[in-house]
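The following exercises concern one protein chain, and each is followed by a worked solution. Please study the sequence and the structure before reading the solutions.

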Amino acid sequence: MSDIASQPVAKPVPVSGKLGAASAGYSPKEGYETNVQDDAILPSSAPCDSPAAAKLTYLSDIPQSANASDHDVSLLHSAHHADPFAVLGPHAYGGQDTRAVVIRAWIKDAAEVELRFTGSLATVPQDLTEAPSASESEADHLQGERQGERLQQNHQGGEHPDQAESPASCRLQASSGGVWYKLHRRADWLFQGAFNWLPITEAAEATTDLLAVTPVEYELRVKYCGDASNQSYILHDAYRFGCSLGEDQLRLFQSGSCWHVDNLMGSHFVEVEGVQGVRFAVWAPNAQFLSVVGEFNQWDGRAHPMRKRHEFGVWEIFVPDTPRVGHRYMYKIHTRRGTDIMKIDPYAQEFENPPAHASVISGCDDAYRQPRERYEWRDGEWMQQRQQNKERVTRMPISIYEVHLPSWMRGDNNRYLTYKELAHRLVEHCQLLNFTHVEFLPLAHHPFEGSWGYQVSGLFAPYSRLGSADELKYLIDELHLAGIGVFLDFVPAHFVKDDWALANFDGEPCFEYADPREGEHKTWGTKVFNFRRNEVRSFLLGAGYHWLRRYHVDGLRIDAVSSMLYKNYCRDEWIPNEEGGDANLEAINMLQELNWVIHREFPGVLTMAEEATSWRGVTDKEKGLGFDFKWDLGWMNDTISYLCKPTPLRPESHGKLTFRGLYMAHERWVLPLSHDEVVSGKGSLLDKCAFIGSSFEEKASTLKSLIVYQAGLCGRPLLFMGAEFAQGREWNESRSLDWHEAREEHRSKVMKSVADTMAIYKNEKAMHAGDDEPWNFKWVDCDSRNACLVAFLKSYEEWFNDLLVICNFSADTHYRYPFGVPHGGEWEVLLNTDDWAYGGQMRGIGKGRTAKTTQGGRLGWPYCLWLDVPAWSAMILKAPKPDRAAELVERIRIAKGACRPFEHMERELALTLKKPKQDPATQDPATQDSTTQEGTERAPMALGRPAADEPAKMADMKEQPGIEQPGIEQPGCQQPNTEPASQPMTEESIKVGSTKAESTKAESTKAESTKAESKKAESKKAESTKAESIKAEWLKVQALKLESPEAEAPAATRSVPAATEIEQGKKNIVVLRSAALMTRKRNSRREGGHSLEDM
């Protein structure tokens, strides 16, 4: 270990930013070098520019002490050397008084090797025994340059390097001149040269080890065996470079909380000491020997044996020049059992297409690419808004379209479409359906498509069959530009058992538990990650953060959380934890850290758990696991099992529709209708919407109602692809959806119903904003089991946001079915799935129409709606619209309580109150009636339900003198005498008087009748005018209450006029309520409705 520590280490670029303390009883171990912005930890790329420390003298003969031993040579040729860096590269030799250095080059298939010093040593005059002339050196250099260019062109054009009888992929390095020294051939592939050196600086004078005072930088010129052209190629020695990973970075990896492990391990293009190459690093603690093999060294395990950092179990090497973008590679591992195995790179960011499985050197590694070469994201506005909305993201609409990309759409002849080809098609479809988010089934690389991505082999690489990493970034970028978020399934619970993958990675259990009672899921045929091991924790946590940083994913859905939480999940044999229980404590701790880091470092990103048990606190961020949402798999199973029953048998299972109300408040939910229910012989979601043999119309109608029911309940709706157009067959991962069915008339109308349902969910606050508070959900009708009907009310903030959701899962149409509601007036129908536009029969009230309430509702509700509810249908109705001024008063009150801006609403309220009211006498009769009715019907809605003591107040008002009651004749009001003075009575006058009296009496009777009708009309107008006046006064009072600072000042400091107006307003409110109550009672009796007294 001392030899390793003494090697020069490439220093990382410092990363700014500090961490605060963690919550939930644990603290992440990552410190100031935290990398959450995808800026790679880059080694120093500058060559040494320090002044020369020594003068070298070339030795034509190799001293015996400088010779590599036969044992070392044998181990190198068998690829079994425990520390190849102890033999190869530059090394001091000789005794304490000898200043000498030997350089050994290990070049596959080399015939001749020459060396030239670069950097500071190249500037020192050196003694030369056999040096070629400058002209010879230049001629060889130009000849090698021409041949090197030809080889590079052949390789880029697809020709194998062996066909040119030359080594693979030799890249020409420009030379700055200098002297070439011929190295002595020690054995096949092994060449060495010895040099004495004289110190120049004081530091060099104090030591005999040249490497302690200056790096020995050099390049090689090589001729290869079998190359008929006898050309030379310039390259660099992989074994002259020191350790490329710092100890601080590796300790962080070993701690279990290395958030940037994707930039630390795996293969990355880097520049070290001015030389371009690829750094390989892998964790294999039990391996005896390990080599990187690939196309750049003809898969020969002897060519590039790697250095082991014993303290950390990490193997590393920097291979200059030859590796290229797109080169395949693997690791050849010699196990402690004496066998050689080939393994993929667990940290690789690209793989070749299945069934091939080699890792690929990625050209899309943005952390190590130059800025101009990186993918240029265009979703800056989306990312900024996501961060700004981090505190209220759970109140925003989240409707999810679940997609398996390889089978969502295929090309001709079942060809896979690329991420880029799918991008615009998917964006258009999601916009058409009004979904706010897309959730992709796992896109991490997986060898078996029948696993749908849930049996992973490469957690850091996107699925290669659909294109490159940059093409996936383009797809996500396009979705963000269209305002659609992206969730991704992430699988940290288990992995494939293939012998070339992670299982027994170094010949022994490494990524998995050693005991099969913990380390294997026999039901699924997979291995289980060892959550107890810190390096595995870094691997899993780093993979999750990698998708968030590199691909701008907006949320992770963690698969199979139940199998992680319980040590006895689907196991006959299991090992209890240290406390004797069945909880997997190390997995719980890892999930807590995952959620803590994501919510802290990626604001606005959501996490979801697929957890199928009754584990409490899944979404508790203080004492629980810390997820944002939990999948409600119980609701999905209950609902589908209910719908699969024949209609006559559904009443006995009615509790499956309402049982969710008992636990709804325990967590925050996603309501899935997911892929799990449409595979493995279960049929399509359409098939599950009715009993076997039912008609398509019944299934399609029930499917539309099911989606409305899902969107209306508390939780975020998730719908798996194909269900939106009622696909008939079961989903198959190896073929495209049946898009021809989506063009059928009836199915296209089903899709329109889904689109309108999701639009209502997105646009109506009550449908989504209050889903996490139980008081925003109220059952209106949950006991009508024989009717197979449920109805509930969704609320959020203002009362006029209320929505009534009705779902009828029976074959009967219910006529004039009563539904209790909290607000009187006209409720607007937002959706009726039996509408013609959705393929229905247009029974019940259509979209855009209104339904008027009556007094006294069912089950204690103050009002009632009487509706025709079609069979297999769902309806959504919205509460009556409020008066604008009353609405503004309520909004200002709420905004003040929530500390939100409200000044613009106050200005609008002032303008509303200043608008002149039209004289009722000049109004059109039709307009007057509607205005009066609105004033009497809707005023109580703004003021609330009349108090219980209102009838007593009404009686008091009747007794007060001077208050004219509508429709009641006032006593003591005599009519003026308009008849002429009496004349002397004669017979003729008596006759005339008698006739005249009869005529006068008739006229008087007619006048009285006309006057009574006129008085009644005037009374009605006065009543309406008075109600409007009182209402205006009340609104002014409410506005005065909201003004600052008087509204918040103590009572003693308030101005007298404001207090007087408030008291007067209170009195006016009583009068207004009383008048409105009388009007409603009179109207309800006239229309045959029920009053409160009738109830």
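**Exercise 1. Determine how strand S19 pairs with strand S22, and which residue of S22 stands opposite His437.**

Step 1. In this predicted model, strand S22 covers residues 485-490, and S19 pairs with S22 in the parallel sense over four bridges.

Step 2. Within this pairing, the residue of S22 opposite His437 is Gly485.

Step 3. S19 (residues 437-440) also pairs with strand S18 (residues 400-403), again over four bridges and in the parallel sense. Here Val403 has Phe440 of S19 as its bridge partner.

**Exercise 2. State in what order the eight strands close into a barrel, and by how much the twist averages from one strand to the next.**

Step 1. The order is S18-S19-S22-S26-S27-S28-S29-S30, and the pairing is parallel.

Step 2. From one strand to the next, the twist averages 25°.

Step 3. Another pair of this barrel can be examined in detail: strand S29 (residues 669-673) and strand S30 (residues 716-720) are joined by four bridges in the parallel sense. In that pair, Leu671 faces Pro717 of S30.

Step 4. Helix H10 packs on the sheet, where it touches S19 and S22, and its direction makes about 140° with that of S22.

**Exercise 3. Decide whether the two faces of strand S19 are covered or open.**

Step 1. Sort the residues by side: His437 and Glu439 lie on one side, Val438 and Phe440 on the other.

Step 2. Each of these four residues is buried, so both faces of S19 are covered. The cut-off applied here is a relative accessible area under 20%.

**Exercise 4. Compare the expected span of helix H10 with the distance between its end C-alpha atoms, and establish how far the helix is enclosed.**

Step 1. H10 comprises 13 residues, 469-481, and at 1.5 Å a residue it should span 18 Å.

Step 2. The end C-alpha atoms of H10 are 18 Å apart, which agrees with the expected span.

Step 3. Of the 13 residues, 11 are buried; H10 is therefore largely enclosed by the rest of the structure. The buried residues include Ala469, Leu472, Tyr474, Leu475, Ile476 and Leu479, and also Asp470, Lys473, Asp477, Glu478 and His480.

Step 4. Just after the helix, Gly483 adopts a positive phi of about 80°.

**Exercise 5. Describe the surroundings of Thr526: in which strand does Thr526 lie, and is the residue buried or exposed?**

Step 1. Thr526 belongs to strand S25, residues 526-528.

Step 2. The relative accessibility of Thr526 is 0%, so this residue counts as buried.

Step 3. With neighbours within four places in sequence left aside, Thr526 is in contact with Gln455, His494, Phe495, Lys497, Glu520 and His521. The side chains of Thr526 and His494 are joined by a polar contact of 3.2 Å.

Step 4. Next, place S25 in its sheet. This is an open sheet of three strands in the order S23-S25-S24, with antiparallel pairing.

Step 5. S23 (494-495) and S24 (520-521) each have a single partner strand; they stand at the edges, so one side of each is left without a neighbour in the sheet.

Step 6. S24 and S25 run antiparallel and are joined by two bridges. Glu520 stands opposite Lys527 of S25.

**Exercise 6. Identify how many residues lie between S6 and S7 in their hairpin, and which turn residue has a positive phi.**

Step 1. S6 (residues 184-187) and S7 (residues 190-199) run antiparallel, with three bridges between them. Ala187 has Leu190 of S7 as its bridge partner.

Step 2. Two residues lie between the strands of this hairpin, and Trp189 in the turn has a positive phi of about 75°.

**Exercise 7. Locate Thr418 and name the residues that Thr418 touches.**

Step 1. Thr418 is found in the loop between helix H8 (405-408) and helix H9 (419-433).

Step 2. Residues up to four places away in sequence are not counted; Thr418 then touches Leu466 and Glu471.

Step 3. Thr418 and Leu466 are 48 residues apart along the chain, yet their C-alpha atoms are separated by 4.4 Å.

**Exercise 8. Summarise the chain as a whole: how many helices and strands are there, and what percentage of the residues is buried?**

Step 1. The chain contains 26 helices and 39 strands.

Step 2. Of its 1095 residues, 54% are buried.

Step 3. Among contacts between residues at least 6 apart in sequence, 74% join residues at least 24 apart.

Definitions and conventions:
Residues are numbered from 1 along each chain as its sequence is written. This is a predicted model: local features need pLDDT of at least 70, side-chain atom pairs count only at pLDDT 80 or more; totals for chains, interfaces and linings use all residues. Side-chain values use heavy atoms; hydrogens and water are left out. Buried means under 20% relative accessible area, exposed over 50%, partly exposed in between (1.4 Å probe, protein chains only). A polar contact is a pair of N or O atoms within 3.5 Å; within protein, one must be able to donate a hydrogen and the other to accept it, and residues adjacent in sequence count only if both atoms are side-chain atoms. Contact means heavy atoms within 4.5 Å. Two strands pair if DSSP finds at least two bridges between them. The expected span of a helix is 1.5 Å times one less than its number of residues. Axes are lines fitted to C-alpha atoms, for helices over the stretch in contact, and angles run from 0 to 180 degrees between N-to-C directions.
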